[in-house]
Amino acid sequence: MNLILLGAPGAGKGTQAEAISAKLGIPQISTGNMLREAVKNGTELGLRAKAAMDSGALVSDDIVIGILKDRIAEPDAKNGYILDGFPRTVAQAEALDEMGVQIDKVLEIHVANERIIARMSGRRVCEKCGASYHIEYKPTTKPGICDVCGGAAVQRADDAPETVLSRLEVYEEKTAPLKDYYWETGKLVTVEGQEEVADTTKLVFDALGING
Ligand code: ADP
Ligand code: ZN
């Protein structure tokens with residue numbers, strides 16, 4: 001099964017991708033996590049991506065399409081994957097089509113902007129493994145420590161309130177058109193993001209026809 005998760009920053013794509021990944025045994029492929037990893041390691045790619053990411057802008061299509069293409073060629077992606085944060089522009093969606101990738105479903109997680117802004121302030125991510133948390137809705141067992149790997153769960157620089165607003169604008173302008181793009185293929189399903197992570201997961205599994 002090849003899935004795409006669509007949704008504004010902070011809508012909960014990463015969290016739901018982790019749940020689907022655990023359920024189906026297929027990898028979550030998060031371009032955001034891969035880019036953050038590159039920035040942390042100071043690779044050339046990371047250096048090229050950093051300024052755009054910190055300001056809440058998109059990294060160029062060339063860069064992102066390149067890393068995505070390499071990633072889906074890895075052996076663990078053979079039986080399917082969950083794309084989390086890709087495609088984010090129509091050009092990226094077209095590139096995916098040109099690669100011959102067959103998409104089974106595109107799941108949009110919809111959350112109103114006001115709720116997104118409130119949520120982002122509590123979001124934390126593990127510096128080491130990328131696992132995502134929320135201080136209220138999905139806290140780590142020990143404060144600030146990743147349950148998965150023991151790394152530090154910290155706030156992302158681009159989750160600062162000013163940056164969140166511009167990321168939402170970028171989403172509306174560049175990424176929201178993908179809803180029409182995939183609506184036309186008949187593959188788009190939309191679920192309403194709930195307060196509780198588990199409630200959203202249930203809706204997500206239902207929408208994908210996975211038995212909870
Ligand atoms: P969120 O979904 O919360 O916005 P991500 O972790 O998916 O966060 O992405 C963080 C940042 O990484 C984005 O704001 C953008 O700068 C960059 N990025 C991630 N994926 C893409 C993509 N497919 N195209 C362009 N930039 C991307
Ligand atoms: Zn971790």
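Four donors around a metal count as tetrahedral if all angles lie between 85 and 135 degrees. I begin with that definition because the model before you, which is a predicted one, contains a zinc site to which the definition applies.

The zinc ion, ligand 2, has 4 donor atoms, and the angles among them run from 99 to 118 degrees. These angles fall between 85 and 135 degrees, and the site is therefore tetrahedral. For reference, the ideal angle for four tetrahedral donors is 109.5 degrees.

Which residues supply the protein donors of this zinc ion? They are Cys126, Cys129, Cys146 and Cys149, each through its SG atom, at 2.3 Å from the ion. Along the chain, the donors follow the spacing C-x2-C-x16-C-x2-C. Cys129 belongs to the loop between strand S5 (123-126) and strand S6 (132-134), while Cys149 belongs to the loop between S6 and strand S7 (153-154), so this pair ties together parts that are 20 residues apart in sequence.

With regard to accessibility, Cys129 is partly exposed, at 37% relative accessibility. Cys149 is also partly exposed, with a relative accessible area of 30%.

I turn now to a pair of helices. Helix H2, residues 31-41, packs with helix H4, residues 61-72, at an angle of about 105 degrees, and their axes are 11 Å apart. That angle makes H2 roughly perpendicular to H4. On the H2 side, the contact is made by Thr31, Met34 and Leu35; on the H4 side, by Ile63, Val64, Ile67, Leu68 and Arg71. What is the character of the residues in this contact? Of the residues of H2 and H4 involved, 6 are nonpolar, 1 is polar and 1 is charged.

Note on methods. Residues are numbered from 1 along each chain as its sequence is written. Chains are lettered from A and ligands numbered from 1 in the order in which they are written. This is a predicted model: local features need pLDDT of at least 70, side-chain atom pairs count only at pLDDT 80 or more; totals for chains, interfaces and linings use all residues. Side-chain values use heavy atoms; hydrogens and water are left out. Donors are N, O and S atoms within 2.8 Å of the metal (3.2 Å for Na, K and Ca); water is not among the atoms, so sites may look incomplete. Four donors count as tetrahedral if all angles lie between 85 and 135 degrees; four count as square planar and six as octahedral if opposite donors are over 155 degrees apart and all others between 65 and 115; anything else is irregular. Helices (H or I, at least four residues) and strands (E, at least two) are DSSP runs, numbered from the N terminus. Buried means under 20% relative accessible area, exposed over 50%, partly exposed in between (1.4 Å probe, protein chains only). Axes are lines fitted to C-alpha atoms, for helices over the stretch in contact, and angles run from 0 to 180 degrees between N-to-C directions. Angles under 35 degrees count as roughly parallel, over 145 as roughly antiparallel, 65 to 115 as roughly perpendicular and the rest as oblique. Contact means heavy atoms within 4.5 Å. Ala, Val, Leu, Ile, Met, Phe, Trp, Tyr, Cys and Pro count as nonpolar, Asp, Glu, Lys and Arg as charged, and the others, Gly among them, as polar.
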